[in-house]
Amino acid sequence: MGLIRVLPEQVINKIAAGEVVERPASVVKELAENALDAGATQVSLTLKDGGRDYISVLDNGSGMDEADARIAVQRHATSKIRDEEGLATVQTLGFRGEALASIAAVSRFELVTCADAETGGTRIALEGGQEKFAGREGFPRGTRVTVEELFFNTPARRKFLRTAATEFQHTQSIFTNLALAHPGVHFRLTHNQKVVSDLPGCEALVERVQQLFGAQLAEELVGVEGAEASLRFEALLSGPSHSKSSRRWQFLFINGRPIRNPGVNHAVYQAYRTLLMKDRHPAFVLKLQLEPGEVDVNVHPAKTEVRLRNLQWVHTVLADKLYKGLMDTSRRRAFAGAQPPVGGTHRLPAASGIQGQFSLAAARAEGRVGEPGASPSGVASPAAAMLSGAEPPSARLEANPFLAEGFTFQPLSPRGDGEETTAPRGLADQLAVVGQLHATYLLVQRAGSLMVVDQHAAHERILFEQYRRQFYQGRVVTEAYLIPPSLELSAQNALLLEQYLPQWSRMGFEIEPFGKAAFLIRQVPALITGKDVKALVLEVLDELALFGKSGRLEEVFNEILERVACHAALRAGRHLSWEEMEALVNQLESLDINLYCPHGRPVMIEFPLRELEKRFKRIV
Ligand code: ADP
Ligand code: MG
């Protein structure tokens, strides 16, 4: 009897402090978030010895009057929510009402605050949660909280603190996140009397990135913004050619909080799809705004994790919109300096990209396209013909001499989804093939620069897009074998192949079991007729064996798409005729993605003429 007791308030606070206050950086985070919640436009953080001995956060926010200041340091005291309903609609960074009480419980704590300069300020001092002083003090509107000797009364905790340098690194990372989340706020960070960062408020997120990480990174980023239903987002993403070797440069914010969320991160990677090479990572700052009801922040005391009610939906929207944003910008950058499109928006018949196959030679045979330099019909190229809305000569299929070699081009709409879009008319006239280098690269002249195009990567990208489009429209062009080749597989591979037969079939492969571990290939996508289909199937199976356990269908499809494009694409080391080179370049410029092969390698590299002129000392 009489063994159970309710703990004294001070002990409760000490225990609770353990959850909220882990180290100096967590103090910095809580205090700075309070400043932001109070509407501060200037927040100044000052630390000594990594924050182990001294932390002070000064803001020009709303401040508190004396009565509020006294309540603020009590546990579960908050101005940010009033009831359970408030919890569901919380818009502020804080709401638990625990930070000040917790911090005060494990430090020598001082709060100086003023809500109205006329009436003056209030000073409250506590030590280990015990009030030591409360009274008036002159202070401008705003708040300053000072925390000295953190964990002085919990020696076990204090022992666990790392070196000042390490602790300060944690604070710097908090600082970076705060600064990115609130670009409009002026932040200053001072350590051991030295100003480490001083970031005046800025208009745009990209300016803040530049302040923090320098102009180089800022320039590599592509801006994408958008909204859908209750989701708004703002993103700065590294272009695919500026990927990083680590995940260090990835910042995610949901409703103003830095958040770790593997689901959302995955959506970003998904947006890059085939644009990133293996083991490369994008740099990004991604900010999501969702209705408070869509986000549960009350998962973790430090609020670094949240639950999204519709993660699946958010994932789909982001993966799609970020992808489109990346593509649009890459394209715009690739053709920066190109003349503005003539004729404005232009819609192509949705199906024009699918049935008709033609090549430059076929077009030429028809008299629609002249020899290089001459264009009797006024149509310069298949791409131009396509863009001018001419019907593809699908009837010419058999007459196409390139078909036998698998070097075929299909007219593509600039965007496969039939969306209203600005077609880059007139671009065809700007690019001129100069020649082929080492049977591998095409040299292409355009206004102001020289472009070097990797013929395999370029063709691969073209075919990939073409094939993917066919696939998504459910009309993969296939070709049946007269004599179906057979495949003898290992038991493991046979299982793998069987497991994904429906996927293969949707991609245009009709493969049928033929004995124990043998299969007959009856039909394949037209793109790869005449190619080594067995090698292709084996390659895909190898890849599937690696990630097969996750069993993600998208990956299966992507793998097949990529491999087909790669196998179908013309190789490096092949000499191309003039017509072939032109056809390739013309196709390239009509794509919405033209910069990277499906494996993420660049398709072309551009040398500005200015570079050459500088090297030849024509200009300085
Ligand atoms: P929470 O932020 O979760 O409400 P805190 O313990 O961090 O809880 O703060 C308690 C209350 O003190 C806040 O709700 C707010 O009203 C007030 N407060 C704290 N810091 C500041 C500040 N810098 N400026 C104005 N008011 C503040
Ligand atoms: Mg708070």
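**Cysteines, core and ligand shell in a predicted model**

Q: How many disulfides does the count come to in this predicted model?
A: A disulfide is a covalent bond between the sulfur atoms of two cysteines. The rule applied to this predicted model asks for a pair of cysteine sulfur atoms within 2.5 Å. By that rule the count of disulfides comes to zero.

Q: Is Cys202 buried or exposed?
A: The cut-off for a buried residue is a relative accessible area under 20%. Cys114, with a value of 0%, falls under this cut-off. Because the relative accessibility of Cys202 is 11%, Cys202 likewise counts as buried.

Q: Which helix gives the largest share of the largest nonpolar core?
A: The largest nonpolar core holds 43 residues, and those that touch the most other members are Val27, Leu31, Val43, Leu45, Phe109, Val147 and Phe187. The largest share of this core amounts to seven residues, and the element that supplies them, spanning residues 24-37, is helix H2.

Q: Which residues does Val27 touch, not counting residues up to four places away in sequence?
A: Val27 is one of the core residues that touch the most other members. When residues up to four places away in sequence are left out, the residues that Val27 touches are Val21, Ile55, Ile103, Val147 and Leu150.

Q: How much of the area that ligand 1 exposes when taken alone does the protein bury?
A: Ligand 1 has 20 residues around it, of which Asn34, Thr78, Ser79, Lys80 and Gly97 come nearest. A nitrogen atom of the ligand is 2.9 Å from an N or O atom in the side chain of Asp59, while oxygen atoms of ligand 1 are 2.9 Å from a polar backbone atom of Phe95 and 3.2 Å from a polar backbone atom of Ala99. Taken alone, ligand 1 exposes 530 Å², and the share of this area that the protein buries is 93%.

Q: Which elements give two or more residues to the shell around ligand 1?
A: The shell around ligand 1 comprises 20 residues, Asn34 and Gly97 being among the nearest. The elements that give two or more residues to this shell are H2 and helix H5 (99-105).

Q: With which side chain does the side chain of Gln250 make a polar contact?
A: Gln250 lies in strand E11, which covers residues 250-254, and Gln250 is buried, with a relative accessible area of 14%. Not counting residues up to four places away in sequence, Gln250 touches several residues, including Tyr269, His281, Pro282 and Phe284. The side chain with which Gln250 makes its polar contact, at 3.4 Å, is that of Asn265.

Technical notes: Residues numbered from 1 in each chain as written. Chains lettered and ligands numbered in written order. Predicted model: local features only at pLDDT ≥ 70, side-chain atom pairs only at ≥ 80, totals over all residues. Heavy atoms only, no water. Core = buried A, V, L, I, M, F, W, Y, C linked by side-chain atoms within 4.5 Å. Buried < 20%, exposed > 50% of the residue type's maximum accessible area, 1.4 Å probe, protein only. Helix = DSSP H or I, 4+ residues; strand = E, 2+ residues; numbered from the N terminus. Contact = heavy atoms within 4.5 Å. Near = heavy atom within 4 Å. Polar contact = N/O pair within 3.5 Å; in protein donor to acceptor, adjacent residues only side chain to side chain. Areas by Shrake-Rupley, 256 points an atom, 1.4 Å probe, with all protein chains shown as cover.
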